[in-house]
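Subject: Structure handover

Hello,

Please find the structure below, followed by notes on what turned up in it.

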Amino acid sequence: MSPVTTPMPFVLLIFLTLPFLSHTAPQASICRTSCGNIPINYPFGIDEGCGSPYYKNILVCSESSKLELRTPSGRYPVKSISYSDPHILLTDPFMWNCLDGDAFRVTRPFSLDTSTHLSLSPQNDYLFFNCSEQNVIIEPKPVFCERFPERCDSSCDSSSYLCRHLPECASALRTSSCCSYYPKATESLRLMLKYCATYTSVYWRNTGENQPDDQVPEYGIRVDFDIPVTTRCLQCQDTSKGGGTCGFDTKTHNFMCLCNRGNVTTYCKDHSFSQHRRNGVLAGTISGVTVAGAFGVGAGIWYMKKVRAKAPVTCGVQSNENRLF
């Protein structure tokens, strides 16, 4: 007895409609607003299409809710983000710390992708240890700069306040030398590390106190960022206009206002909302998915009608004629 065929309407319908059903959630619902205890606000985002496209994919939130900044030189833990005084504080596990003392570890130069509107803060100071005096100009800066003003910026200051008062561990170095130098480019930092054993970064944290106690040195890297503000973003965030989230189309990078009901190009309470509504999880991708989903549903219904009348029962037997894969 030859095997008989069976229709596959229900399985086919599920496979064809899954893409359609999975792309109906508003994008605003998947824009996370924190990673651990660190708030994630505009211009940043840790989900596709959230925040400003200038900072796309530079912040990564791990499964353990640890936030990291992605740069050309690696991924670095984020200590905090300030939006009132726009900057990110990072830690670099490869940099020298108080526990190292005179036992220097292999390090690597920190670098930034300048196309992302990030910049190293001038509030950072860099300390270099055990540099070669044959290759690096190590001099007390005030005296050296008076004698050689044209070479002042290229010298590493051996009389640095921070070298003489290392934060949190003033006596950590016993046999090693220290000097302070601010590299103006990543290549300058690489060159310094070629002739120095290691380095560390110290930033000056604002305390809000009166001078001279208004700043204190702490280990870490301060990275400044710009907040690109546009009229459309301000309108989108305006609570009287719906209180949306500023985002962007993942394909074109054009502005999108992410709302609970869907994504629009203006603001959530716009009266013409229905004319440019986007119900996709990923902005800019829903139109094709919606059409494909609708076509899939129609095709499934058509196939069911066509085969229902002549489809015999197969008692669960799968043959070469009715197998799906």
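Two strands are taken to pair if DSSP finds at least two bridges between them. By that rule E4 and E5 pair, because 4 bridges join them, in the antiparallel sense. One of the bridges sets Arg70 in E4 against Arg75 in E5. Please keep in mind that this is a predicted model.

Overall content

The protein has 6 helices and 17 strands. Of its 325 residues, 40% count as buried. Among contacts between residues at least 6 apart in sequence, 59% join residues at least 24 apart.

Strands E3, E4 and E5

E4 follows E3 in a hairpin with 5 residues between the two strands, and Ser65 in that turn has a positive phi of about 60°. E3 and E4 run antiparallel and are joined by 3 bridges; Leu59 has Leu69 in E4 as its bridge partner. E4 and E5 form another hairpin, with 2 residues between them. The two faces of E4 are unlike in cover: Leu67, Leu69 and Thr71 make up the covered face, while Glu68 and Arg70 are on the uncovered one.

Strand E14 and its partners

How much of E14 is buried? The count is 5 of its 5 residues. Ile221, Val223 and Phe225 point one way from the strand, Arg222 and Asp224 point the other way, and all are buried. The buried set on E14 therefore includes Arg222 and Asp224, each under 20% relative accessible area.

E14 is joined to E6 by 4 bridges, and the two run antiparallel. Leu90 stands opposite Ile221 of E14. E14 also pairs with strand E7 (residues 118-120), in the antiparallel sense and over 3 bridges. In that pairing, Ser119 has Asp224 as its bridge partner.

Nonpolar cores

The largest nonpolar core has 36 residues, and those with the most contacts inside it are Phe44, Leu59, Leu67, Ile81 and Phe128. Several elements each supply at least two residues of this core: strands E3 (59-61), E4 (67-71), E5 (74-82), E6 (87-90), E8 (124-129) and E14 (221-225), and helix H4 (186-195). Leaving out residues up to four places away in sequence, Ile81 touches Ile38, Pro39, Ile40, Phe44, Leu59, Leu67, His87, Ile88 and Phe225. A second, separate core has 13 residues, including Trp96, Cys178, Val202 and Tyr219.

Largest pocket

The largest pocket has a volume of about 220 Å³. It is lined by 13 residues, and the closest to its centre are Leu120, Pro183, Lys184, Ala185 and Thr186. By class, the lining has 9 nonpolar, 3 polar and 1 charged residues.

Sheet E15-E16-E17

In this part of the model, 3 strands form an open antiparallel sheet in the order E15-E16-E17. Its edge strands are E15 (245-248) and E17 (263-264), each pairing on one side only. Strand E16 (residues 255-258) is joined to E17 by 2 bridges, and the two run antiparallel. Leu258 has Asn263 in E17 as its bridge partner.

Cys152

Cys152 lies in the loop between helix H2 (141-147) and strand E10 (156-157). Is this residue buried or exposed? Cys152 counts as buried because its relative accessibility is 16%, and the cut-off is under 20%. Apart from neighbours within four places in sequence, Cys152 is in contact with Lys141, Phe144 and Cys145. The C-alpha atoms of Cys152 and Pro142 are 8.8 Å apart, with the two residues 10 apart in sequence.

Backbone points to check

Most residues other than glycine have a negative phi, and most peptide bonds are trans. The following entries are listed for that reason.

- The peptide bond from Tyr42 to Pro43 is cis, with omega near 20°. Pro43 is in the loop between strand E2 (38-39) and E3.
- Asn57 is not a glycine, yet has a positive phi of about 65°. Asn57 is also in the loop between E2 and E3, and counts as partly exposed because its relative accessibility is 38%.
- His253, again not a glycine, has a positive phi of about 65°. His253 lies in the loop between E15 and E16 and is partly exposed, with a relative accessible area of 36%.

Regards

Key. Residues are numbered from 1 along each chain as its sequence is written. This is a predicted model: local features need pLDDT of at least 70, side-chain atom pairs count only at pLDDT 80 or more; totals for chains, interfaces and linings use all residues. Side-chain values use heavy atoms; hydrogens and water are left out. On a 1 Å grid over the protein atoms alone, a cavity is a set of points where a 1.4 Å probe fits but cannot get out, and a pocket is an open set with protein on both sides within 12 Å along at least five of seven lines; lining residues have an atom within 4 Å of a point. Grid points are joined across faces, edges and corners, and a volume is the space filled by probe spheres set on the points. Ala, Val, Leu, Ile, Met, Phe, Trp, Tyr, Cys and Pro count as nonpolar, Asp, Glu, Lys and Arg as charged, and the others, Gly among them, as polar. A nonpolar core is a set of buried Ala, Val, Leu, Ile, Met, Phe, Trp, Tyr and Cys residues joined through side-chain atoms within 4.5 Å. Buried means under 20% relative accessible area, exposed over 50%, partly exposed in between (1.4 Å probe, protein chains only). Contact means heavy atoms within 4.5 Å.
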